[in-house]
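Let's take a look at this one together, beginning with a strand and its partners and ending with the cysteines.

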Amino acid sequence: MKRYFKAEPFSGYKELIGPKDGVLEYLALGKAVLAAGQTYRASTEGYETVIVLLKGKATVAAEGRTWSGLGGRDSVFQGKATAVYVPCRSSFEIRAETALEAAICMVKAEHRFEPFVIRPEEVVVHKRGKDAWQREVHDIVADNAEGRVHRVVLGETFNEPGQWSSYPPHKHDGEHAPEEPHFEEVYYYQVDPEQGFGVQLHYTKDGTIDDAYIIRPGDSFAIDKGYHPVAAAGGYRVYYLWFMAGRTGRKLLPYDDPDHRWLK
């Protein structure tokens, strides 16, 4: 089963991870790459959708509302994110005010909510880890969105050079329920400087999954189960946009690999 998807150059809109890949039940990921003045329109159908502005500035319209001048980062490493939530069974339009890159994060949903914008000053920043596993986690759609979304939980993680994240290794596939929740997850990566790399590990205790992938800018990863720590190579920062959803609500209680819990 293919879970790791390497970046390919494109313009316009491209589905990066979707139902056709047969990995995830709840999640799908697309990306829009637009020149200034270009527009992308889409229907959300059965997915609540979070538009994360990765690079550039945009006007976004949904449900009869329009927000102009959103975003403005030169890259994901230049400040906190701006994002727009759009409910299921709706539609939206993105108009690029400058050269624009936007992640379209889709989560299956049945309940409709009002659209809203998450601005950089609303992003909650956490410093997590210690020693060689320190990272900065930005909660974009998390506790701040309780009662305003159905399933989606979403944020960004920044690994400094040589540092690990999602570490000590954890998972959330529901194997050890009720202690462990059930969440699928998607990662979308960038690297700074962009010629650099990181490493994505993926394993299960029974050894049926025991993989490592080289992270390059624009790659993406579908996590249906298993432990999934990330490492940044020396001299290079690694970023990943992450979002998740599953059968057990929105409360995150990751299950740590028992062999490595002592690290905490």
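Two strands count as paired when DSSP finds at least two bridges between them. Keep that in mind while looking at this model, which is a predicted one.

**The sheet around β12**

Start with strand β12, residues 135–141, where 6 of the 7 residues are buried. On one side, strand β11 (residues 124–128) runs antiparallel to β12, and 5 bridges join the two. They make a hairpin with 6 residues between the strands, and Gly129 in that turn has a positive phi of about 90°. On the other flank, β12 is joined by 6 bridges to strand β13 (residues 153–159), again antiparallel.

Here is how some of the residues line up across these strands:

| Residue | Stands opposite |
|---|---|
| His126 | Val137 in β12 |
| Val137 | Thr157 in β13 |
| Asp139 | Gly155 in β13 |

So Val137 is a handy spot to click on: His126 stands opposite Val137, and Val137 in turn stands opposite Thr157. As a general rule, side chains in a regular strand alternate between the two faces of the sheet.

Zoom out and these strands belong to an open sheet of 7 strands, with antiparallel pairing and the order β1-β19-β16-β21-β13-β12-β11. Its edges are β1 (4–5) and β11, each of which pairs on one side only.

**The cores**

Which residues touch the most other members of the largest nonpolar core? Out of 36 residues, those are Leu29, Val50, Val52, Cys105, Val141 and Leu154. Strand β21 (residues 237–245) gives the most to this core, with 4 residues. Apart from it lies another core, of 23 residues, including Val60, Ala62, Trp67 and Phe92. Nonpolar side chains tend to be buried together in soluble globular proteins.

Leu29 is worth a closer look. Leaving out residues up to four places away in sequence, Leu29 touches a list of residues that includes Leu16, Ile17, Ile104, Cys105, Val186, Tyr188 and Phe243.

**The cysteines**

How many disulfides does a search of the whole structure find? The count is 0. Cys88 is in no disulfide, and the nearest cysteine sulfur to it belongs to Cys105, 16 Å away. Why is Cys105 not bonded to Cys88? Their sulfurs are too far apart for a bond, because 16 Å separates them and a disulfide needs the sulfur atoms within 2.5 Å.

Are these cysteines buried or exposed? Cys88 is buried, with a relative accessible area of 0%, and Cys105 also counts as buried, at 1% relative accessibility.

Methods:
Residues numbered from 1 in each chain as written. Predicted model: local features only at pLDDT ≥ 70, side-chain atom pairs only at ≥ 80, totals over all residues. Heavy atoms only, no water. Buried < 20%, exposed > 50% of the residue type's maximum accessible area, 1.4 Å probe, protein only. Core = buried A, V, L, I, M, F, W, Y, C linked by side-chain atoms within 4.5 Å. Contact = heavy atoms within 4.5 Å.
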